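Q: Please take a close look at one part of this model, its salt bridges. Then set that part in the context of the whole chain.

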Amino acid sequence: MKAMKFTDLHPNIKIRIVTDFFTDLTQKTILPFMAIYLSLQIGAEWAGLLLTVNIIASMLAGLGAGYWSDRIGRKKLMILAQSLQVFSLFWLAAANSPWMNSVTLTCLMFLLSSISSGITAPIAGAMIVDVSSEQERHYIYGLQYWTTNAAITFGALLGGLLFESFRFLLFSLVCMESIATLLILIFFIHETMENRHDTVLPQNALNTYKSIVYDKRFMVFFTATVLAVSLEFQLDKYIAVRLKNEFAGELLGFHISGLHMFSFVMIINTVLVVLIAIPFGKCISRLSSRTIITTGMMLYTAGFVVLAFSNWAWLLITSAVLLTIGELMYAPVRQVLLAGIIPDSNRAAYLAADGLSYNIAALLGSIGLTVGALLPSYVMAGLYLTTGLGALYFFRILLRAKASRQQNHSYADAS
């Protein structure tokens with residue numbers, strides 16, 4: 001099988017990968033630092049409430065965009081969402097400029113930016129599925145995984161340097177990037193949704209998402225995703241707090257605190273992804289999806305189990321490497337599985353529903369912090385092991401069903 005190259009991809013996909021990197025960069029430059037800004041300006045209680053409202057608004061916008069994108073097309077809604085992003089970033093810059101300092105306007109435009117991102121996410125995902133084959137998707141999603149993590153790295157660096165003292169410059173830079181993305185969408189992106197006149201679709205959004213809930217294959221996938229991603233959300237919650245409270249040790253002769261150890265784990269995860277994601281993806285591309293996801297989920301789970309209870313620095317570092325390699329293996333296959341089970345008629349709606357799995361996983365991450373305060377660390381490790389193996393179990397159900405369908409098709413073709 002010929003190895004995939006970036007130049008082999010559909011023009012829309014190449015453009016989306018590049019523009020998605022800059023869109024992610026915009027979000028990662030602003031979002032992590034807005035919680036600190038809002039806490040200082042309006043208090044932690046109101047900041048938490050506003051951030052919750054933003055998450056809910058983004059989620060609802062995504063569900064609505066998923067429904068309408070499958071009816072009126074991808075490009076129109078993407079241009080609308082990007083126009084809203086340009087508008088919000090322009091006024092975010094204005095609200096933090098030498099001529100104006102408005103916390104109220106900042107809050108409103110931050111909400112609008114979140115809504116724009118919520119609209120974009122399922123449509124961008126559907127556009128990639130529209131014009132890619134299953135063989136291409138392994139490469140595409142591996143590449144996207146790398147660009148997302150690269151955006152997180154550079155976004156954190158850029159935001160850390162500019163957000164506190166140079167917000168006007170920061171918002172101005174990301175606004176100009178957003179304008180460039182809008183122009184690219186208008187002049188270079190082509191509509192990818194096929195003509196749906198012959199397809200019978202549910203008459204309203206409620207019926208659309210009701211039919212998704214009754215889709216057993218998707219709900220198995222949804223459950224697997226919630227379980228797998230909920231472990232990731234434990235990293236900056238229970239695991240961070242546990243290391244801060246319990247860890248103290250030495251590394252290469254230097255005394256390190258729990259916070260230092262947590263930082264090392266995060267740095268290892270991010271740097272490894274940026275450095276090895278693409279070559280590692282090529283190395284494992286010849287393996288079967290079943291082998292990749294089984295090995296990946298076992299490594300991923302083992303890493304989190306160790307982080308839940310160990311206070312040995314070198315073992316914690318090893319676990320960070322294991323969970324990163326596991327994540328690099330299972331995450332792209334998860335995306336390929338999703339693309340293979342969603343029907344052509346409701347692609348964006350299914351991708352919007354998939355986005356809910358991350359919200360539920362984030363909620364489980366917060367619950368894990370509370371539960372962890374009541375249970376010993378070895379019990380939390382057992383819960384992580386159960387969660388990871390549960391995710392693997394549901395992923396393998398999907399893979400077995402997929403293999404069975406392919407075998408039946410082969411028999412039908414032979415007959």
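A: A term comes first. A residue is buried when its relative accessible area is under 20%, exposed when it is over 50%, and partly exposed in between. Gly 388 shows how the cut-off works. Its relative accessibility is 1%, so Gly 388 counts as buried.

Keep the source of the coordinates in mind: this is a predicted model. The mean pLDDT of the protein chain is 85. A value of 70 or more is reached by 93% of the residues. Confidence peaks in helix H11 (residues 289-309), at a mean of 94. It is lowest in strand E3 (residues 248-251), at 75.

Now the salt bridges. The count is six. Start with Arg 74. Its side chain meets that of Asp 70 in a salt bridge, with 2.9 Å from N to O. Arg 74 is buried, because its relative accessibility is 0%. Asp 70 is buried as well, since its relative accessible area is 0%.

Arg 74 has a further partner. It forms a salt bridge with Asp 130, and the closest N and O atoms are 2.8 Å apart. This pair ties together distant parts of the chain: Arg 74 belongs to helix H3, while Asp 130 belongs to helix H4 (residues 103-130), 56 residues apart. Arg 74 and Asp 130 are both buried.

Elsewhere, Arg 242 pairs with Glu 246. The closest N and O atoms of this salt bridge are 2.9 Å apart. Why are the two separated by about one helical turn? Because Glu 246 and Arg 242 lie four residues apart in helix H9 (residues 235-246). The two ends of this bridge differ in exposure. Arg 242 is buried, since its relative accessibility is 3%. Glu 246 is partly exposed, because its value is 41%.

Back to the linked bridges. Shared partners join Asp 70, Arg 74, Asp 130 and Arg 347 into one network.

Helix H3 also has a surface side. It spans residues 74-95. Phe 87, Phe 90, Trp 91, Trp 99 and Met 100 make a nonpolar surface patch of about 590 Å². Helix H3 gives the most to this patch, with three residues. Trp 91 is one of the patch residues, and it is found in helix H3. At a relative accessible area of 31%, Trp 91 is partly exposed. The patch rule asks for over 30% relative accessible area and no salt bridge.

Helix H4 repays a look too. Leu 111 sits in it. Its relative accessible area is 22%, so Leu 111 is partly exposed. Leu 111 and Ser 88 are 23 residues apart in sequence, and their C-alpha atoms are 8.6 Å apart in space. Leaving out residues up to four places away in sequence, Leu 111 touches Val 53, Asn 54 and Ala 57.

Next, helix H5 (residues 134-162). Gln 144 is found there. At a relative accessible area of 17%, Gln 144 is buried. With residues up to four places away in sequence left out, it touches Ile 17, Asp 20 and Ile 128.

Return to Gly 388. It is found in helix H14 (residues 377-414). Its C-alpha atom is 9.7 Å from that of Leu 299, 89 residues away along the chain. Neighbours within four places in sequence aside, Gly 388 is in contact with Leu 231, Met 297 and Thr 301.

Now the whole chain. Its secondary structure comes to 14 helices and four strands. Of its 415 residues, 49% count as buried. Take contacts between residues at least 6 apart in sequence: 84% of them join residues at least 24 apart. The C-alpha trace spans about 70 × 55 × 40 Å along its principal axes. The radius of gyration is 22 Å, which agrees with the value near 22 Å for a compact globule of 415 residues. The exposed area is about 20,000 Å², and carbon and sulfur atoms supply 69% of it.

To sum up the part in question: the network joins Asp 70, Arg 74, Asp 130 and Arg 347. Within it, the bridge from Arg 74 to Asp 130 links helix H3 with helix H4.

Key. Residues are numbered from 1 along each chain as its sequence is written. This is a predicted model: local features need pLDDT of at least 70, side-chain atom pairs count only at pLDDT 80 or more; totals for chains, interfaces and linings use all residues. Side-chain values use heavy atoms; hydrogens and water are left out. Patches are made of residues with over 30% relative accessible area and no salt bridge: like charges are joined within 9 Å, nonpolar side chains (Val, Leu, Ile, Met, Phe, Trp, Tyr) within 5 Å. Accessible areas come from the Shrake-Rupley method with a 1.4 Å probe; for residues, only the protein chains shown count as cover. A salt bridge is a side-chain nitrogen of Lys or Arg within 4 Å of a carboxyl oxygen of Asp or Glu. Buried means under 20% relative accessible area, exposed over 50%, partly exposed in between (1.4 Å probe, protein chains only). pLDDT is the predictor's confidence in each residue, from 0 to 100. The radius of gyration is taken over C-alpha atoms; the globule rule is 2.2 Å times the number of residues to the power 0.38. Contact means heavy atoms within 4.5 Å.
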